[in-house]
Amino acid sequence: MKALLIGESRDGSFLEYGYELVGFAERIGAETAMVMVGQEKSLPGYGGKLYLADAATYGEYNPDLHKKLILAAVEREKPDLVVFSHSSYGWDLAPRVAAGLKAAQLSEVIGTTGDGYELPSCSQKMRRSVKPATPVVVLTLQLGAFPAVTGGGTPQVERVETEGSGKVIFVRYEAAEAKGIDLAKAEVIVSAGRGIGKADNVPVIAALAKALGGQLGASRPVVDSGWVEHSHQVGTTGQTVSPKLYVACGISGAIQHLAGMKKSGFIVAINKDKDAPIGEVADVLVVADVMQFVPALTAKLAK
Amino acid sequence: MKILVCIKQVPDMESRFKPDSAGTWFSETDLAFRMNEYDEFAVEQAVRLKEQLGNGPELTVLSMGPDRVLEAVKKALAMGCDRGVQIQDPAAHLKDPWQKASAIAAYAKNEGYDLVFTGFQSQDRGSCQVGVMLAELLGFACATTIVGFEFADGAVTVKRELEGGVKGVVQLKTPALVTCQLGLNTPRYPTLPNIMKAKKKEILVLPVGDLLHEEAKAVTTSFHAPAKKGGGIVLEGEVGDQADRLIQILKEKTGVLR
Ligand SMILES: Cc1cc2nc3c(=O)[nH]c(=O)nc-3n(C[C@H](O)[C@H](O)[C@H](O)COP(=O)(O)OP(=O)(O)OC[C@H]3O[C@@H](n4cnc5c(N)ncnc54)[C@H](O)[C@@H]3O)c2cc1C
Ligand SMILES: Nc1ncnc2c1ncn2[C@@H]1O[C@H](COP(=O)(O)O)[C@@H](O)[C@H]1O
């Protein structure tokens, strides 16, 4: 079994979650090689063969060319698996590479089964086991699902090249928005999710945060809808937090939210759905209507 | 200009899911279906573009699936799409993303679309593949996970959402396909007059057999609930009582309450 791992580089730096690809390959006992469009000055700590294409030549993000470069490395390496991270780079490029190879693609792999792979389904509430039926298989791995394996040494670099231009023109990066409030220092965070129903209910959640001496957090839809300002957002596209106590109010527990809060000391979830995936990380799951339970709790805390 | 939006109909994610008799997908009994959340952003953006261009463009909404998907198509028509297409396939849930993209491409390839909008992912399947594969099959420029969209002088400029709050601004020449991420816009609610108007709009029904000639590249062998971690305490019952028990637990297990 041979796996071609797709490393990622942004603005000249290797992205660390690429080491999870190495961890995955170790877990399944596959031989590996890596390919990356990046820069010589920031190579991964990986001891195998690295097909390197220069980002200065092929663009920070030029999916048509990056696809061709990966296909060129596939041609030379003849892997059984082509493995991406399930990231903005991976989910963008993997289907292009799969289409090019006429290969099956399995997205957001979280585990392996006897003859296939385990994938999340229905917003993480369920699982699917999937068996690919093509000789080469393209995978994207859920971030955090496999352990990162670092410190593998120095790669033996081989150049990989291609020609032509692409149909997508990279213009620039925009830095993350400046933070309004820094949730990282909060000892207690009480977060509002879509389950609170409407903007008018935000003060009810904020009142519980205050009663517990903490800060207000939020899931993404609450922020996208403009109920709460962006600096309160917890998750992969918000802040990563680890307070002593995290209270999730009407939050389902999508992987992108969990990634931002699962290291919290103690997690309480209030959800009317006993099967909500937040239950997987919660120390206490209160099965209740959030707008009935939260005011009752706040009132008792005030006594 | 011709615009296509691809939408999927999915179950409400707050439902309880049970495997179907084959054990490879969910049973539809007791499920309520709605338009895939990500696709609502796609429809909204397409309608806004049509409005921006003085309603000139012709805007088609397409969904592949059993007849229930017509409900989602009708919602998109009420939001402002001009005509609907159903790729009629009672067994769409057994098709893999490559097959879905192939069927849609077989329909779209001779229609002369300039722009295609899809969602970033379907909430039930979550593969993030159908849109990008469709672009590959059509030879269109493609950008994924967009949270900003502008159209001027025949060129599309989008903002892609990357990790850690960083965004990437990229340009695409038409024909192009974009996949829409949460927060791209605020999808409108169809108004009653528009719902009435939508009833008169044409929906073309195309049997999948006429469009799809590709085999599946992967098969689902099992659909099941995740193994329960089970460490957590579950509090049920009356609200006041639940609150008392939670306070007790917080006193015992965290340093937060004294
Ligand atoms: C690339 C990418 C990045 C993302 N980044 C983030 C991020 O940084 N942060 C983030 O949060 N999300 C992020 N998301 C979105 C994420 O996938 C989910 O869509 C989002 O977290 C869902 O928010 P929610 O739990 O509030 O809403 P929902 O998933 O709609 O869940 C609402 C929950 O409330 C419960 N509920 C409803 N009514 C009540 C009631 N009356 N009482 C009690 N419970 C009730 C429901 O049972 C449900 O579990 C990202 C998605 C993508 C694709
Ligand atoms: N059956 C379908 N009919 C029409 N469009 C679909 C269908 N399935 C997926 N799509 C589109 O492809 C996107 C990605 O879906 P997926 O690859 O399943 O995550 C969705 O957001 C839709 O826009």
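# Exercises on a two-chain model with two ligands

In chain A, the C-alpha centres of domain 1 and domain 2 sit 34 Å apart. Keep in mind that the model is a predicted one. Grab your viewer and work through the exercises below.

## Exercise 1: the two domains of chain A

Work out which residues make up each domain of chain A, and how many residues each domain brings to the contact.

Step 1. Start with the bounds: domain 1 of chain A covers 2–159, and domain 2 of chain A covers 183–302.

Step 2. Now look at who touches whom. Domain 1 of chain A puts in 6 residues, and domain 2 of chain A puts in 6 residues.

Step 3. Then take the area. About 470 Å² is buried between the two domains of chain A, with carbon and sulfur atoms giving 53% of that.

## Exercise 2: charges between the domains

Find how many salt bridges link domain 1 and domain 2 of chain A, then sort the domain 1 residues that touch domain 2 into nonpolar, polar and charged.

Step 1. The count between these domains of chain A comes to 2 salt bridges.

Step 2. Zoom in on A:Glu280 and A:Arg127. These residues form a salt bridge, and their closest N and O atoms are 3.7 Å apart. The cut-off is 4 Å, so a pair at 3.7 Å makes the list.

Step 3. Sort the side of domain 1 of chain A that touches domain 2: no nonpolar residues, 3 polar and 3 charged.

Step 4. Add the polar contacts. Across this domain interface there is 1 residue pair in polar contact, with both residues at pLDDT 80 or more.

## Exercise 3: chain B against chain A

Describe the contact between chain B and chain A by residues, buried area and salt bridges.

Step 1. Count residues: 75 from chain B are in contact with 77 from chain A.

Step 2. Take the area: chain B and chain A bury about 6,600 Å² between them, and carbon and sulfur atoms account for 58% of it.

Step 3. Ask which three residues of chain B supply more of its buried area than any other three. That trio is B:Glu136, B:Glu163 and B:Lys217, which supply 10% of what chain B buries against chain A.

Step 4. Go to the charges. There are 11 salt bridges across the interface of chain B and chain A. In a salt bridge between A:Asp275 and B:Arg16, the N to O distance is 2.9 Å.

Step 5. Finish with polar contacts: chain B and chain A have 40 residue pairs of this kind, both residues at pLDDT 80 or more.

## Exercise 4: ligand 1

Explain why the site of ligand 1 is shared between chains.

Step 1. List the neighbours. Ligand 1 has 32 residues around it, and the nearest are A:Ser219, A:Thr237, A:Ser252, A:Gln256 and A:Asn271.

Step 2. Check the chain letters: because residues from both A and B surround ligand 1, its site is shared between chains.

Step 3. Pick out oxygen partners. A polar backbone atom of A:Arg220 is 2.9 Å from a ligand 1 oxygen, and a polar backbone atom of A:Thr236 is 3.1 Å from a ligand 1 oxygen. A:His257 uses its side chain, with an N or O atom 2.8 Å from an oxygen of ligand 1.

Step 4. For cover, ligand 1 has 980 Å² of accessible area on its own, and the protein covers 91% of it.

## Exercise 5: ligand 2

Say which residues come nearest to ligand 2, and how much of its accessible area the protein covers.

Step 1. Of the 20 residues around ligand 2, the nearest are B:Cys6, B:Asp39, B:Ser122, B:Ser127 and B:Cys128.

Step 2. Sort backbone from side chain. B:Cys6 has a backbone N or O atom 2.7 Å from a ligand 2 oxygen. Polar side-chain atoms do the job for B:Asp39, at 2.5 Å from an oxygen of ligand 2, and for B:Ser127, at 2.6 Å from an oxygen of ligand 2.

Step 3. Wrap up with cover: 99% of the 480 Å² that ligand 2 has accessible on its own is covered by the protein.

How values were computed: Residues numbered from 1 in each chain as written. Chains lettered and ligands numbered in written order. Predicted model: local features only at pLDDT ≥ 70, side-chain atom pairs only at ≥ 80, totals over all residues. Heavy atoms only, no water. Domains from an automatic or database assignment. Contact = heavy atoms within 4.5 Å. Buried area = accessible area lost by both parts, 1.4 Å probe. Salt bridge = Lys/Arg side-chain N within 4 Å of Asp/Glu carboxyl O. Polar contact = N/O pair within 3.5 Å; in protein donor to acceptor, adjacent residues only side chain to side chain. Nonpolar A, V, L, I, M, F, W, Y, C, P; charged D, E, K, R; others polar. Near = heavy atom within 4 Å. Areas by Shrake-Rupley, 256 points an atom, 1.4 Å probe, with all protein chains shown as cover.
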